[in-house]
Amino acid sequence: MKFFKLKKTFDWKYIIREVLLIFIGINLAIWFNNWNSSKKTNHDKAIAISKIKGEIKNNIAELNKTQNSNQFILSAFTDLHKLSDKNSSKVVATPEQLIKLKNQYPSFFSASDSSKVKDNLFNYNIQTYIELEIPTLTQIAWETTRSIGITNEFDYECLYDLESTYNLQKRVQNEVDKAANALQKREIKSLLSILEFLDQLNAQLIKDYQNILLEINNCL
């Protein structure tokens with residue numbers, strides 16, 4: 001009886017070639033996935049930055065409008081105070097001075113019950129009408145960007161500046177609320193003090209906003 005011994009041979013070249021093809025295929029798949037993910041992240045970053053820029057531009061427009069209104073109120077009270085009787089709530093002025101004030105600050109105050117002090121000089125009872133401009137400062141784009149984690153892809157300096165600017169925006173909003181509360185209570189001295197401080201904060205916030213608009217594309 002004869003026995004046959006089977007000799008098993010391997011085509012090592014074929015095996016190595018197949019392993020290499022699998023290795024290359026896997027790496028290509030990983031690279032494509034990373035490339036696709038990176039492309040989507042960059043796309044999301046571009047959209048986020050565009051939205052933040054739009055939000056900041058709207059906030060600047062709101063602040064400029066508020067700034068003009070606040071400065072108008074401060075200027076009106078300053079000029080009115082120059083003519084005020086320190087011993088009463090009345091204003092001592094000539095009719096010409098009063099007309100000039102009315103023309104300069106229309107709809108801000110009314111004068112009544114005048115009494116003559118001396119030639120061409122009168123005491124006037126003054127009633128002021130303050131219309132406080134409340135800015136609508138939004139941070140929806142910024143909060144959305146943070147909530148979806150896109151800020152993790154931002155440059156550190158850019159992220160620091162954005163955080164700092166939006167924190168200052170919150171501070172401005174708090175002061176606006178204080179001003180509205182003081183006006184509601186007719187606490188005029190407190191209101192004027194807040195508006196003076198708010199004027200400084202607004203100027204700084206506008207400056208920070210403008211710097212962000214110049215540098216924000218570096219976040220990409």
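**A strand hairpin, a buried glutamine and a small set of loop residues**

In this predicted model, strand 2 and strand 3 form a hairpin with 2 residues between them, and Asn120 in the turn has a positive phi of about 60°. The two strands, residues 109–118 and residues 121–128, pair in the antiparallel sense over 7 bridges. Within this pairing, Ser112 stands opposite Asn125 of strand 3.

Strand 3 also has a second partner. Strand 1 pairs with strand 3 in the antiparallel sense, here over 4 bridges, and Lys90 stands opposite Asn125. Asn125 therefore faces Ser112 of strand 2 as well as Lys90 of strand 1, if pairing is defined through bridges between strands. In a regular strand, side chains alternate between the two faces of the sheet. Strand 1, which spans residues 90–93, has a covered face formed by Val91 and Ala93. Its uncovered face carries Lys90 and Val92.

These strands belong to a chain whose secondary structure comes to 5 helices and 3 strands. From the N terminus on, the elements follow the order α-β-α-β-β-α-α-α. Of the 220 residues in the protein chain, 34% are buried. Among contacts between residues at least 6 apart in sequence, 72% join residues at least 24 apart.

Gln67 illustrates how parts of the chain that are separated in sequence come together. The residue is placed in helix 1, which covers residues 12–82. Gln67 has a relative accessible area of 9% and is therefore classed as buried, the limit for this class being under 20%. When residues up to four places away in sequence are not counted, Gln67 touches Asp199, Asn202 and Ala203. With Asp199 there is also a polar contact, in which the side chain of Gln67 reaches the backbone oxygen at 3.3 Å. In addition, the C-alpha atoms of Gln67 and Glu133 are separated by 8.6 Å, although the two residues are 66 residues apart along the chain.

Glu133 appears again in the lining of a cavity. The structure holds 1 cavity of 30 Å³ or more, and the largest cavity has a volume of about 30 Å³. Its lining consists of Thr66, Asn70, Leu132, Glu133, Ile134, Pro135, Val176, Ala179, Leu195 and Leu198. The elements that give two or more residues to this lining are helix 1, helix 4 (156–184) and helix 5 (188–215). By class, the lining has 7 nonpolar, 2 polar and 1 charged residues.

Two loop residues also have positive phi values. Ser107 is found in the loop between helix 2 (95–104) and strand 2, and its phi is near 65°, a positive value in a residue other than glycine. Ser107 has a relative accessible area of 69% and is therefore exposed, since this class begins over 50%. Arg186 lies in the loop between helix 4 and helix 5. Its phi is near 60°, again a positive value in a residue other than glycine. Because its relative accessibility is 43%, Arg186 counts as partly exposed, a class that lies between the limits for buried and exposed residues.

Terms used
Residues are numbered from 1 along each chain as its sequence is written. This is a predicted model: local features need pLDDT of at least 70, side-chain atom pairs count only at pLDDT 80 or more; totals for chains, interfaces and linings use all residues. Side-chain values use heavy atoms; hydrogens and water are left out. Buried means under 20% relative accessible area, exposed over 50%, partly exposed in between (1.4 Å probe, protein chains only). Contact means heavy atoms within 4.5 Å. On a 1 Å grid over the protein atoms alone, a cavity is a set of points where a 1.4 Å probe fits but cannot get out, and a pocket is an open set with protein on both sides within 12 Å along at least five of seven lines; lining residues have an atom within 4 Å of a point. Grid points are joined across faces, edges and corners, and a volume is the space filled by probe spheres set on the points. Ala, Val, Leu, Ile, Met, Phe, Trp, Tyr, Cys and Pro count as nonpolar, Asp, Glu, Lys and Arg as charged, and the others, Gly among them, as polar. A polar contact is a pair of N or O atoms within 3.5 Å; within protein, one must be able to donate a hydrogen and the other to accept it, and residues adjacent in sequence count only if both atoms are side-chain atoms.
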